[in-house]
Structure formats: structure tokens, C-alpha cells
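Work through the exercises below with the sequence and the 3D structure open beside you. Each task is followed by a solution that goes step by step.

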Amino acid sequence: MALAAVLSLTSNAQARSPVGGGLVLKEGRLADALRDLSVKSGSDLLFAPDVVGDLRNRRVSGPIDVEAILARLLDGTGLGYRLVGPGVYIVYRLEPEQPTALPEVLVVGKKTQNADIRRSRNDIQGYRVATSEDIQAAHSDNLDQFMRSRQTNNAESFGPSSNPRGEYATNRSEVDFRGLGPSQTLVLVDGVRMPSTLSHNYDLDLNQPDLNGLPLLAIDRIESLTGTAGGIYGPGATGGVVNIVLKRDYRGAEISATYGATDRGDAVRRRVDGRIGFTPDHGATDVMINFSRAESDGLRFGDRDFAVRSRQRRTALNGPDPGAIANGIGIRSVYDEILTLSPALGGKSLGSTYTYLPLSAAGAGDGSILLANAGKAAMELAPDGNGALRSLTSSTTVTSLLVNARHRFSPHIEGVLDFIGWENEGRSVSGFAITGFQTGLPALMQRPPGGGASDNFPFSQMVEISMPFPGMDANVTNRLRTTRASAKLIFDLPGAWRGDINYTAGASRARVSEQGWAFDQNFPLSLFMMQPGAHGEPTPEPFGSWDKFVAAMQVYKIRNTVRFERKLRLRDAAIRVAGPVARGAAGDIALSLQAERREERATITPWEESAGSTFPEGEDPSFFVATTSFFGELRAPIFPASSGHGPLRGLEAQLAARHDAIRANIPGLSTSDRGRYRYDRNATVYTAGLRAFPLDRLLVRASLATGVLPPTPQQMRPSSFIFTAGPGYGLIDSRRGNEKVGLNNDVLVLTRGSTNLRPEAATTVAIGLVLNPNGGRGPRVSLDYTRTEKRREINELGGADYFLDNETAYPSRIVRGPLSPADIAKGYSAGAITQIDATYVNASRTIVEAVDLNVDQLIRLGEDSRLRLFGSLTWTPRLTRQLAADRPVLDYVDTAEGPLRWRGSAGADWQSGDLSLRVETQYFDDYLALSPSFKRAAKPSRIPPQLYLDLSTAYRARIGGSLGARDVDIRLGIQNILGHRPPVELSDYGYSPYGDPRGRRFELSLRSQF
């Protein structure tokens, strides 16, 4: 086929030029001239290398009029051009063409593997597109950091990688559009799903695929949509979708090295990337290999003062926490009595229930230090993995390999083999964190009444202590491996149609190892009794010399190792066909059809601890989920953009529909129930939209989309137990004279998951307008409003007592026996309860409304100079959730569990020849660092607004030379150039997660092309 769209020379997000001024295209290769025209005009020019070939062009100069210049460039070449969308042109041989509103992988000549239609900022839905240049200029460590800092509608702040202790040092990514939850944002790579990751806990929850292993230099663009898109992308796209499109069309070789560190010289980062593309058989086969390895040093709590400042603020607000592990031995009365010193120390009252002892050789001494510290707690960090040595950020090592081979068997058949794989390793340190060791009772019991004390216990009451545990830190390693291998056959069909058959096999595997320490069973007993251990171990004396106490602790410690593995296998088979169904005056009406079968099988191994396995004998928690889908998308240009149809000028319609059959096989949870359960549900969803150009420089668009989110295997997993009333407790049945439930019969209580749950449903209404969509004179401005409503959300409303109290609202949840004559005689109105269904319910509802503003302008400063101004602003006035009809409506905006009300990003990008300079700022609104239930909390819980400024500069040195290097790109980035520290939060980690705890960072990158 003649028409091919192999290369989008610029994305809409990268360059939009004013019409004013002029340009000069030098005589030379036509392909180079087309690229220059695309950049300088801000238009998207799509062409295939085999169409343009080695054709040359004459010198062309004049005002920036894309169509006039194209006509002059192509004059006499046998090529023509066609406008296929606002600012989008196809260059083709002068023969019948192929439509362009097709999956990119099916467009003739394109090397991309993107299975989705190429989406743009001027599409019917308001997609946001980040280019390769945007990604490189951000100097982010990985995709998670880029999406959190640059995507203003991403509400993910404290992701898994921000929580080394709670998430076992994982470095995986997470995206949460609009604050609906990560499970509601679908993640794709080249339009195809990646293997999900499994929860580290002993449950059946599925997490988003990990993207942090993708090398940033391998990414061509990121297309994101913040709204329901189930009709296009299927289950899980209820809150939005992210599609990472990789670079595929490359021949040559390049290598890059990156080094970065903070202004303190810590948190060092090192990265090496290499890429090679070649053809071994004169163009019939294209091979591309991409390799990357990145290492980052983590931070410890002691490297920054966030935790100390947070503890000081908590103490000022709420008083000291005597049970916290700090740089001292915390002491408090077991029964909340006022502490008094022992008779041997004078018997004085401390006037408080708690005090603390510094870590010194003096110990309690004469008791004066205990009196001086009464009512106080140690404030400095503990000298162990609970304090100064604990990981604030994980150390990471990421190794990635991408291989792609594409072979043309004939002019009509191509084959593709594609492999994506990486290992994402995180490492952290955490401490032995058990508190509340009790001591002193035996000493108190042995003291003679009214006499002095000869023991070393300094109090007259039994106490419990909390303390550091030097030498007992645990080292955690989390290796998350993700792979996806695909084989694809692409073929021509009659009538300018094309098709492909694709089979994908993928897997994710997390291996977690925690090498730590614990105490043997003698230590708590010896500490309690204040006597030597059963095997002659020394007496642990916390009120004496700290060094001797630490030495005694080491004798009691034993190795404590935890290991577990989570594996998931993905299998996906799909067949896709696409082509024109009709041709009108406005262009081709294109139809894409797809049938797909996707399966995910999970294997969960037991936690292997020093004490043994965590699984009951015979239990198998593995599960299987399969989805069979049928999908179609129709794109129909109705009126030409140049027509005289007034407000309907350039009208284009989109209709996508999808049917998904969801099947699952899961285990039961009850120890008495080792059976398997099946889940079987169908869902049909759609996406419909329109766009038009009622004025020369105005685009309007509107869409309506629906989607579903199936219950997770954990939410499907049932559990049950037999309830029998006992003396002094039980449920009361008001319909039987307040008789205790289960008094005369056993009652089956169903809890947790259920295979009767329906998928959650979502609907998004989107309305938008774009001023100056193709650039030209003045800025491109887009304003989009979206409203997403979630229904039938799955939640646990309460236990058996809740459903018993609300039997009228949930009559099917209470099963009763027949009303007997004896019951009637007693005046009862219902039979005895035999079953209570307290499983999860499709009852919750969420509504989120948001407005996105995007501004972009390219200003020509000269023939080879430009200035680009850009900005994004997201306003989220509403995110409300209601658990059930009888529960309050909670507002999540500006809370720790929801999106910020205002969030913005703005910058300027100046380029002159081979030199560029970019400045970008990120704004985060103030918010309440509490859950929505406490939104009227005190003022100190509100975190102030944050503003961070980044700088990036790049220079391309064209060196040539004997080593074969053509160009060397030098990049320098400074993140948080003003050195603003994240505000303090009253949280475990102590800082606002919207900021980077590392502070100001510098990064230098060198990339050479051969």
C-alpha cells in the first residue's frame, strides 16, 4: 500500500508555531526538509521512508504556510499530501491511499508497535501527550516520578516506592488519575496490557503493572486520558488510561551515561543506556536492541531532619509519646499510675506516668535524671533501624532489556517479535520495632514491706519500656521482575484493509527477602524477672549502663528471616482488522475490530519464616482470571473542515463499543472450606464522541463514555463461620422479642468476598474546547471539563450486626426459618435466623468533577531560534464518596486521601541552534494531612502550598571524528533549584509526599550517537 504513516515528526505537545514570520528550507534530502517543516510549522507530517526514499528538494523560502510550502516541496516528486486532521498531513504516492484513523501498528510502513490509534491533544477526548523531550528535560529517575511531578491530574502522592518499610522496599510505580484509586487507572505499553503485580500481603489483590523498569530514553511519548474509557480499552479504565509508546523506528547506535547527586553529595544516581538499530538484509529486517541499568543510593532518616521536626510538632500539639522508639529508654507505668522512685532512691513522686532515661553509661543513677525527665520523652532519632538508620528512600537497581525485530516476508506480510523485560530491585533497612516490654514486678514482690530496696529496679511501680535495638536491623531486598514477549503477524487484506494476529506471554515475579533479627524466648522473661537467662545469658539491665545492656541484648538475639514470592503469568491472544468502510468528502470512515482473550494466573507462595510456613496445610491461594473481549471503534469524518456547514464544519464522530466476558476461579478463605469458587459476569460498555470546528480557530468536543471495574479476586473470595450465642454476648433479634441470635440454633455467617458481586460501573461526561488547535498566531489553549460518576462500588459496610440492624434495607441478607406456631404464640414476627450475609456490597457511589486547562505557544525568535511557553492547570472542585445510602457524603478534595483542589505546572523552553534551556515550575495546593472524616480538624494539620522550580539545559556537539561519533548531547538538570524543603507532616516519614525529600539535585548526562 502506498500510504504510510511512519513518523510523527513532532507531537502536538512539542511544537506549535505561529503563522507569522518566514522560514527557509535548504536544498537537500526531502525527508530532512519535511522534518524541518514539521518542527517549524508545528504541524504533524506523516510519511514512510520507503515513500520518500532518497528524493531531494529544491530550496524553499517564504511565509509559514504549510500547504503552500508542501505543494512546492512535493512538486515533481510524484508525491502528494492530504490533510487528515487538524494540523496533521499525510505524504503519499499519487495512488489510492489508506485511511489513517487506524491502530498505528496497522499503518503501512510504521515501525511502531502501538496497537492503539494514535491519540492527540486535538482528539475527540482530551488526551494529554508528553513527548520524549518532555521526559528527558524532567530529569526524573523513573516514570513514577515523572507522572507524579508533571501530570497535574495524577493524584498519586505517597506511592509504594515512598514507603520502604510498609511496602517491603518496593520500587514499583503507581498512577492514580483524579484520586479514584490506582486500580481505576489502566496502564498500557504500546496499547497492550502488561502483567499485573500481586499484593505483598496474604491476599488476592492485583496491583497496577510496574512501569519503573522502562528506560526513559526508550519512550517516544506518553498518551494519557483522565476519564472513563471502557468502550475503547476495556475493564479497569474507569478513571483513565496511560499508554506508553516506545521508540521503534531507529537505525544507528547511541550510548548515554548519567550521574546525579544532591547538593549534599548523597542520594547518588548512576545510569547507563545503550541502543542499537540495524538491518541485516538491506531493509527487509529491522532489529533494535535497548539496554539500560540504573542505580540509586537511598537516604536514611538520619540524613534529613523531617522525622525529628515531625515528632517535635506532634509533641507540641499532642504531648510526648512515651512509647515511641527514640534516642532514649522510654518508661511508663503499666497501669497509668503516677511513678515514684524506689525507697532506695528516696521514694519521690515523679508527678507523671512516664519519663525517659538517656542512653549513657550512668543509667538511672540516683534517680535525679528520672525526676528531671518526668513528663518528657526523648526527641532525637534512635541509633538503629527504627530511627537514624531507617530507610527514608530505598536504594534501587533497575536493569532493562528491550528487543524488537520486524521482518517483511513480502510486500503484503510482516512479522514482528518483541521483548520487554526488566528487574526492578529495591533495598531498605528497618529496625526491630517491638515495644512495651514489661519489667519490675518480681523485684517489687520481693521487697520487704516498709523496708528499703536492695535491687536495681528504680521504681515503686511495674513499668513498661521502649528502647532502640542496635545491631538488630533488618535488610530487606525486593526484586520485581516484569517480562512481556509478543509475536505478531501483520498482513494486507482486500479493500485497503489490514490485520494482525498477536500472541503475548508475560509475567511478573516479586521475590522478597528480609534478613533480620529477633529475640529468643528467654529475653522477655529475663527482662521481666531481671535475672539471668535460662542458659546462663547475662541479666538485661535497662536502668544501668546502656553499653552493658546492649551487649547483653546481643546474646539473646537470633536470626529472623522472612522470604516470600508472588508470581503472575499473563497470556493474551488477539486478532485485529482495520480499514475503510466508506469514503466521503471529509475523508475515510475507518473501522477497527478486535477479538481478544486474556488470562492471568497467580501463584502465591507461603511466607517462609524462621518459625515455619504461614499457610495452613493443604491450602492453595492461587487464582485465575480470564477476560474474553470483542471490540470495535468507528471514526467517521462527516463534514470537511473547509465546508460551509457553519457550526458543523469539520464534524467528526467516534463510536466504540466493547463486550467483555469476565471469568475467575478463586479459593475459599475459611479453614473448613478448601473448595474453589467461580466468578462469571459479562459487561458491555461504549464510548461516543463528536468534535467540530465551528470557527476557523476553534475546536469543540464532547464525549460520553462508560466503563466497568470487576471485583478483585480478593473481593470475590468468600469466607464463613458458624455463630452460636454465648453467655454475656450475642446479636439481638428485635423481631423475636430481642432474643439472642443463635441461641437455639447455629447461624451461618458469610463474610468478606462474594462471587455475586457485580462489576463497579462508571460514566464520564466530557466537554471541551480548543482555541487555535493548530498553533498559528497566538497560543493553543484547551479547556476540558470532565465529570465521572462511579456506581455500584464495592465496600464492606459492616459485620453481621449492621445487616441485622438494617434488615429492612437489605432483606435478602438475612435468611430466616419459617415462623412456627410457638413463635406466633410468643408474638414474634419472623422465624429464627439461619444465615446472615455480611459480605461486601455493591453500594457505594463516587463523583469527581475536574477542569483541565492547557496553554502552549511557540514563538519564533529567528530562523534557528524559538521560545516555547507552556502550562497546565487542574482544578478539582469535587470528589465525594458515599459508602451507602445511610452513610454521610465525604469530600476527599484537599485531603491525604484525595486530589488537590489546585495543581499546576508551567514553563518556558528556549532553543537556539544546538543549545536549549528549559525552566519549569510545579505548584501543589495546600491540603489537610488527614482523612476526609477529619476535614474540620485543627489548623496545624493543614499543609501549606508548595512550589518547586526545575532547570534543564542541553547542548548538541556535532563532532564527527575517527571514533565514528556523529553527535554528543550534553544535558544538565537541576531539580528544585531553589532548594525548597517539603513541608513537615505529622506522619511516620515526616514530610509532604508531594515534595522530594532529597532536596536540590544535580544531574549530568552525556549521550553519543554513532
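**Exercise 1.** In this predicted model, establish how far helix α5 is covered and what is found at its start.

*Solution.* Begin with the helix as a whole: α5 spans residues 143-150, and 7 of its 8 residues are buried, so that it is mostly covered, where buried means under 20% relative accessible area. Next, list the buried positions, which are Leu143, Asp144, Phe146, Met147, Arg148, Ser149 and Arg150. Finally, turn to the start of α5, where a side-chain oxygen of Asn142 comes to within 3.3 Å of the backbone nitrogen of Asp144.

**Exercise 2.** Determine which strands pair with β25 and which way its residues point.

*Solution.* Take the pairing with β19 (residues 328-333), which runs antiparallel to β25 and is joined to it by 4 bridges; here Ile331 lies opposite Ile465. Then take β24 (residues 437-439), which is also antiparallel to β25 and pairs with it over 3 bridges, with Gln438 having Glu464 as its bridge partner. As a last step, follow the side chains of β25 (residues 463-466): Val463 and Ile465 point one way, Glu464 and Ser466 point the other way, and all are buried.

**Exercise 3.** Find the elements that contribute to the nonpolar surface patch, and classify Leu1004 as buried, partly exposed or exposed.

*Solution.* The patch covers about 800 Å², and its members include Leu861, Trp910, Tyr955 and Leu1004. Two or more residues each come from β48 (915-924), β52 (967-975) and β53 (1001-1009), with β48 giving the largest share, 3 residues. Leu1004 belongs to strand β53, and because its relative accessibility is 42%, Leu1004 counts as partly exposed.

Key. Residues are numbered from 1 along each chain as its sequence is written. This is a predicted model: local features need pLDDT of at least 70, side-chain atom pairs count only at pLDDT 80 or more; totals for chains, interfaces and linings use all residues. Side-chain values use heavy atoms; hydrogens and water are left out. Buried means under 20% relative accessible area, exposed over 50%, partly exposed in between (1.4 Å probe, protein chains only). Two strands pair if DSSP finds at least two bridges between them. A polar contact is a pair of N or O atoms within 3.5 Å; within protein, one must be able to donate a hydrogen and the other to accept it, and residues adjacent in sequence count only if both atoms are side-chain atoms. Patches are made of residues with over 30% relative accessible area and no salt bridge: like charges are joined within 9 Å, nonpolar side chains (Val, Leu, Ile, Met, Phe, Trp, Tyr) within 5 Å. Accessible areas come from the Shrake-Rupley method with a 1.4 Å probe; for residues, only the protein chains shown count as cover. A salt bridge is a side-chain nitrogen of Lys or Arg within 4 Å of a carboxyl oxygen of Asp or Glu.
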